[in-house]
Every structure is written in C-alpha cells, then in structure tokens.
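Let's take a walk through this structure together. We'll look at a pair of helices, then at a strand and its neighbours.

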Amino acid sequence: MAFIHRTAYSITLQHWARQRPQCCHRFYASLTKKQKEHLASGPDLADFILDDEPQKNIHRKKGERLRLPEWVKTEIPIGKSYSEIKASLRNNKLHTVCEEAKCPNIGECWSGEKGTATATIMILGELCTRGCRFCSVKTSRAPPPPDPDEPVNTAKIIASWLVDYIVITSVDRDDIADGGAAHFAETVKQVKAHKPTILVECLTSDFRGDLESVEKVANSGLNVYAHNVETVKDFQWLVRDPRANYDQSMKVLEHAKKTKPKLITKTSLMLGFGESDDQILKTMEDLRKINVDCLTLGQYMQPTKRHIKVKEYVHPDKFQYWKEVGDKLGFAYTASGPLVRSSYKAGEFYLKNLVEKAAS
C-alpha cells in the first residue's frame, strides 16, 4: 500500500514539474501591454530600503502595542565615568532615579566628558508612597524612616566623583510631616560644604502643596529648583497619582521663584499620552506666566506592561518644533527630544553657564 502511495506521489511531482513552466508562461503572457509597462517602471529594491518621505508620529491603534521606532533606541552604557559612578553607588548603598526609573540616557549622562557628566541621586529611600501610572519606582504605604546619616554620606560620595553638577531628587514621602523637605535641605547643605564649587539641582515632589516645605528647599543653597508637571492639565488624572495635580505643581514652581527670585526654576513634560498641540502649548504658556526658566520635553516610554501604554511616538522633528516654540516663549533653556528627561544632561555647558550667571 505504501509503495502505491509513493508511486502516485512521484507521478504527481513529475506532472507538476512538467506543468509549472507552462503555467508561469501563461500567467505572464496574459498581462496586457499596459500592465507590463507598469511593472517595468515600478519600485525596485532600493525603493524599499531608502525612504526620503518625511516621517510622522507613530500612533497606537486600539488594542495594539507600539514597537519602538529607531529614534528612541539607545546604546548599551559604557565608559570610565559610568563604571566609577555605578561601582560607587553599589559600594555605598545609594540609589539613583537613573536606575530606578530605567532612564534610557543613563550611559550618556554618567559617561559625559569632564564637566558634563551628571548623576541624579535619589534620597529618602527607594520606596515611594505614591503610585503614578508612568513611573517604575517601587511603592509602599509605609516605607522605612529616612537614614539620618544619608545627607552626610551622600555628600562625601558626590565630592569624590568627577562631576561638578549634581541632581538630587527623591521619592514622594507623604508619610513624613514635611514630605522630607528638611532632609532634602540638609543634603544640599552637606553637599555644598564638602564641595563648594559643585552646582546642585533639586528635583522635588510637590510636598502635598505645603509651601513651607518648598521654602525649606528653596533656601537650602541649591542652584536649580526643579519640579515636574509631567503632563498637560487634561491628562493629570490619567497619568499621575490622585494626590498630585496640575495647579498644585504650578504653585510649587511659582512659590520657589517668589521665595528666591534669582533661583532658576525648571520643569518637565512627557509627550506621547495622546495630548494635542493646543494642550502642550497652553501648558508651556502657563509655565512662562509663573516665570519658569527651564523646560524639558521628552517621549514617554512605558517601563513595564503594568504601566500606562504609549499612545504615540512623537517624531524628532516635532520635538525640534517644540524647542523652537519654547525659545520663542522666552524659556532661558529648552531641551526637547525623544530621549530627553527632566535631568537629561543637566550638567551640559549651556545650562551650567546659565546657572553660574544667575549665581553671580
């Protein structure tokens, strides 16, 4: 029986082999002259490889997960400065938001040339009392109390690094009366005591709107007061923890400037949640009304599947457009790009010069 099947199969193959050239010949012969000309003048391989058409934003359709476009892919972090900072952090049990928030620029910032390498130290522990839908920092309703020796230890480590610009940030600590403001201020004072020439930027929480806490940090001797609005007003409820809101963040930035008029204020916006151009522009105008000096705009990147999905990957050309808008609105410094983050290359020369000029 098997022999009969193999024989039949062999005959079938032979028949197909004889017929195939004829089938193909009949197919091409059936094309009209117009169809043949259309094929001859159609695209070749190069047309599929090269694309000179301007690229546009990539939008997510309902139910799908967007793939990363080329413009948001980064290289593996390397470099002497990067390795030294990482080893120092591990040895001294310090935390950075660069690592906790899975920042894509960690290699670029930590490996910057002399005078531009930047690290963002995260104080007050690694557990946040809030649960924003964009952030991958671990959360807890009752995190352990802050380490009282942290300000001094942090200052000693920072003083040993080859950096002259440092960003100090923290998790939200709603469990502490002042939100950790006194701890923040003491850390800044210790850093300045151990390395007087270093420039310090503090990226703070909103302290639940407690303006006295804002004053504690603003008067600590820092050079830049940063607090992130994160997104446009209409998307606050979707993106941030319910205890945070647009007006509260605006009041924090406004009060920091009122407390120390020469203090540089800074904030950041993430794009890609589905916000409109009008909403972005309105936010930028609101920030200028309260004299915010520096603005960064970057692409939101979903850290894990549990976090809010990316609605849109904004094209680099669009980020360049927002930089130009920021400059026209009067921001002293506007950094805008897919991989820009609130502390992105904070020590770069232009921003450093701006801070030094304000301090003089």
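A quick bit of vocabulary to start: a crossing of two helices counts as right-handed if the near helix is turned clockwise from the far one by less than a right angle, and as left-handed if it is turned anticlockwise. Keep in mind, too, that this is a predicted model.

Now find helix α12, residues 277-289, and helix α13, residues 316-329. Their axes come within 11 Å and cross at roughly 30 degrees. Angles under 35 degrees count as roughly parallel, and α12 and α13 are therefore roughly parallel to each other. As for the sense of the turn, the crossing of α12 and α13 is right-handed.

Which residues meet there? From α12 come D277, I280, L281, M284, E285 and R288, and on the α13 side they meet K318, W322, V325, G326 and L329. Sort the residues of this contact by character and you get six nonpolar, four charged and one polar.

Next, head over to strand β7, residues 264-271. Is this strand enclosed or open? Eight of its eight residues are buried, so β7 is largely enclosed by the rest of the structure. That goes for both of its faces: I264, K266, S268 and M270 are buried on one side, and T265, T267, L269 and L271 are buried on the other.

So what are the partners of β7? One is strand β6 (residues 224-226), which runs parallel to β7 and is joined to it by three bridges; here Y225 stands opposite T265. Another is strand β8 (residues 294-299), also parallel to β7, with six bridges between them. In that pairing, L271 of β7 stands opposite Q299 of β8.

Note on methods:
Residues numbered from 1 in each chain as written. Predicted model: local features only at pLDDT ≥ 70, side-chain atom pairs only at ≥ 80, totals over all residues. Heavy atoms only, no water. Axes fitted to C-alpha atoms, helices over the stretch in contact; angles between N-to-C directions. Helix = DSSP H or I, 4+ residues; strand = E, 2+ residues; numbered from the N terminus. Parallel < 35°, antiparallel > 145°, perpendicular 65-115°, else oblique. Contact = heavy atoms within 4.5 Å. Nonpolar A, V, L, I, M, F, W, Y, C, P; charged D, E, K, R; others polar. Buried < 20%, exposed > 50% of the residue type's maximum accessible area, 1.4 Å probe, protein only. Pairing = 2+ DSSP bridges.
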